[in-house]
Amino acid sequence: MEINKITIEKVRPEQMNEIIDYVLNVRKGLFPMLDHSVIPWDILKFEETYYNNPIGEFLQARNQEGKLLGVIGMMEYNHRFQHLDYPYDKVVEVARLFVEPECRRLALGTQMVKELNQIAINKGIELMYLHTHPFLKGAYEFWLKQGYGLDKKCIESKFETIHMSKYLMSKEKIKNN
């Protein structure tokens, strides 16, 4: 598969159901230990979270035949982790980066992150937050390569969790805004 034959674009309203099904199916494979009858709130309210929110976004990658090869989203951060203090006005949480196995090591994940970063910059986002887990092989190293720094490692809902963030503006510029 050639990376230059893959298109990365925003999810359109008529594609939302397909994207939701894709995310839920990939999630089952990556997180078999979870109760999949409980749908995550961002997926349950996909349109409100990613499409109608001015700082939300969800991207998809497709080949020339239209096959879905990967996704990534960003949603308004809701400060759900009380031990993380991001005192900025425009903070998003990066979520749901999934890349099909045959497309890994082609830099598709990196391309999707770059595209999402540019959208975040255009929306005036100050900080991008995410969390990952050590059992997701290579995820921590991937995010380090994308410019994210480690904020904290801890246990969240019985899982070792790695919290990371990336400033899109200098801290000085954020203070002056």
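**Sheet architecture and nonpolar cores of the predicted model**

L59 of β2 stands opposite I72 in β3. Strands and helices here are DSSP runs (E, at least two residues; H or I, at least four), numbered from the N terminus. The model is predicted: local features need pLDDT of at least 70, side-chain atom pairs count only at pLDDT 80 or more, and totals for chains, interfaces and linings use all residues. Residues are numbered from 1 along each chain as its sequence is written, and side-chain values use heavy atoms, with hydrogens and water left out.

Confidence was examined next. The protein chain averages a pLDDT (the predictor's confidence in each residue, from 0 to 100) of 92. A score of at least 70 is reached by 95% of the residues. Among the elements of the chain, β2 has the highest mean pLDDT, 98, and helix α6 (residues 171-176) the lowest, 56. Where pLDDT is low, the predicted coordinates should not be read in detail.

The sheet is open and has 7 strands, in the order β1-β2-β3-β4-β5-β7-β6. Its pairing is mixed; two strands pair if DSSP finds at least two bridges between them. β1 and β6 (149-156) are the edge strands, each pairing on one side only. The twist averages 25° from one strand to the next. Angles run from 0 to 180 degrees between N-to-C directions, with axes fitted to C-alpha atoms, for helices over the stretch in contact.

Strand β2 (residues 57-62) pairs with β1 (residues 7-10) in the antiparallel sense over 4 bridges. K10 stands opposite L59 there. With β3 (residues 68-76), β2 pairs antiparallel over 6 bridges. β2 and β3 form a hairpin with 5 residues between them. G66, in the turn, has a positive phi of about 90°. Further along the sheet, 6 bridges join the antiparallel strands β5 and β7. H163 in β7 is the bridge partner of H131.

β2 is mostly covered: 6 of its 6 residues are buried, that is, under 20% relative accessible area (exposed is over 50%, partly exposed in between; 1.4 Å probe, protein chains only). E57, L59 and A61 point one way from the strand. F58, Q60 and R62 point the other way.

Two helices were examined against the sheet. Contact means heavy atoms within 4.5 Å. Helix α1 (residues 16-30) packs on the sheet and touches β2, β3 and β4. Its direction makes about 95° with that of β3. Helix α4 lies across β1, β2, β3, β4, β5 and β7. α4 runs at about 30° to β3.

A nonpolar core is a set of buried Ala, Val, Leu, Ile, Met, Phe, Trp, Tyr and Cys residues joined through side-chain atoms within 4.5 Å. The largest holds 25 residues, of which I72, V94, L108, M128 and W143 touch the most other members. At least two residues each come from β2, β3, β4 (91-99), α4 (108-122), β5 (127-132) and β7 (159-167). α4 gives the most, with 6 residues. L108 touches I3, I6, I8, A61, L69, V99 and C103, not counting residues up to four places away in sequence. Apart from this core lies another, of 17 residues, among them V11, I19, F46 and F58. In soluble globular proteins, nonpolar side chains tend to be buried together.

The cysteines complete the picture. C103 counts as buried because its relative accessibility is 1%. C154, at 16%, also counts as buried. The structure holds 0 disulfides, defined as pairs of cysteine sulfur atoms within 2.5 Å.
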